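Here's a quick walk through one protein model, written for someone who likes to poke at coordinates. Have a look at the structure first, then read on.

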Amino acid sequence: NARLDYGQVVKNNEVKKSCTITNTGKTPLIIRDVQPSINTITPSLMQTTIAPGASTTIDFTYKALGKIGKQGGNIEIITNDPTNDGVFVVKFEAEMLK
């Protein structure tokens, strides 16, 4: 599983991290949806269909809002890949500071 570590982020600031997805299959990989477990992470995806052997990058912007302290969760990337029912999980963590 992939992991995004945003480190320490001062409240109300934003930090962007990226995740690269490579299609190692023989047919086009289609990204159907990207679902963070919290609403303070916003995904930005330029390409939803990835040809065999090609890659794309998804940017994830974390906005430090809410309670001070450690936060974490999952981002589910929903695809047409038959592996794991098409769900690729990216774990994330951050520590919000005052």
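What follows covers the sheet, the main pocket and a few asparagines in loops.

## The sheet

Keep in mind that this is a predicted model. Its open sheet is built from five strands, and reading across it you get the order E1-E8-E7-E3-E5, with mixed pairing. Which strands stand at the edges? Those are strand E1 (2-10) and strand E5 (49-50), and each has a single partner strand, so one side of each is left without a neighbour in the sheet.

Further in, strand E3 covers residues 29-36 and pairs with E7 in the antiparallel sense, over five bridges. If you want a spot to check that register, try valine 34: its bridge partner in E7 is isoleucine 77.

## The largest pocket

The largest pocket comes out at a volume of about 370 Å³. It is lined by 22 residues, and the closest to its centre are Leu29, Thr79, Asp81, Thr83 and Phe88.

Where does the lining come from? Strand E2 (14-22), strand E7 (69-79) and strand E8 (87-97) each put in at least two residues. As for chemistry, the lining splits into twelve polar, eight nonpolar and two charged residues.

## Two asparagines with positive phi

Two loop residues are worth a click if you check backbone torsions. Asparagine 12, in the loop between E1 and E2, has a phi near 75 degrees, which is positive even though the residue is not glycine. Asparagine 84 sits in the loop between E7 and E8, and its phi, near 55 degrees, is likewise a positive value in a non-glycine residue.

Now for their surroundings. Asparagine 12 has a relative accessible area of 45%, so it counts as partly exposed. Asparagine 84 has 59% relative accessibility, so it is classed as exposed, the cut-off for that being over 50%.

## Asparagine 23

Is asparagine 23 buried or exposed? With a relative accessible area of 5%, asparagine 23 is buried, the limit for that being under 20%. Its place is in the loop between E2 and E3.

What does asparagine 23 touch, leaving out residues up to four places away in sequence? The list is Pro28, Leu29, Ile50, Ala51, Pro52, Gly53 and Ala54. With isoleucine 50 there is also a polar contact: a polar atom of the asparagine 23 side chain lies 2.9 Å from the backbone oxygen of isoleucine 50. Leu29, one of the residues asparagine 23 touches, is also among those closest to the centre of the largest pocket.

Key: Residues numbered from 1 in each chain as written. Predicted model: local features only at pLDDT ≥ 70, side-chain atom pairs only at ≥ 80, totals over all residues. Heavy atoms only, no water. 1 Å grid on protein atoms, 1.4 Å probe; cavity = no way out; pocket = protein on both sides within 12 Å on 5 of 7 lines; lining within 4 Å. Points joined across faces, edges and corners; volume = space filled by probe spheres on them. Helix = DSSP H or I, 4+ residues; strand = E, 2+ residues; numbered from the N terminus. Nonpolar A, V, L, I, M, F, W, Y, C, P; charged D, E, K, R; others polar. Pairing = 2+ DSSP bridges. Buried < 20%, exposed > 50% of the residue type's maximum accessible area, 1.4 Å probe, protein only. Polar contact = N/O pair within 3.5 Å; in protein donor to acceptor, adjacent residues only side chain to side chain. Contact = heavy atoms within 4.5 Å.
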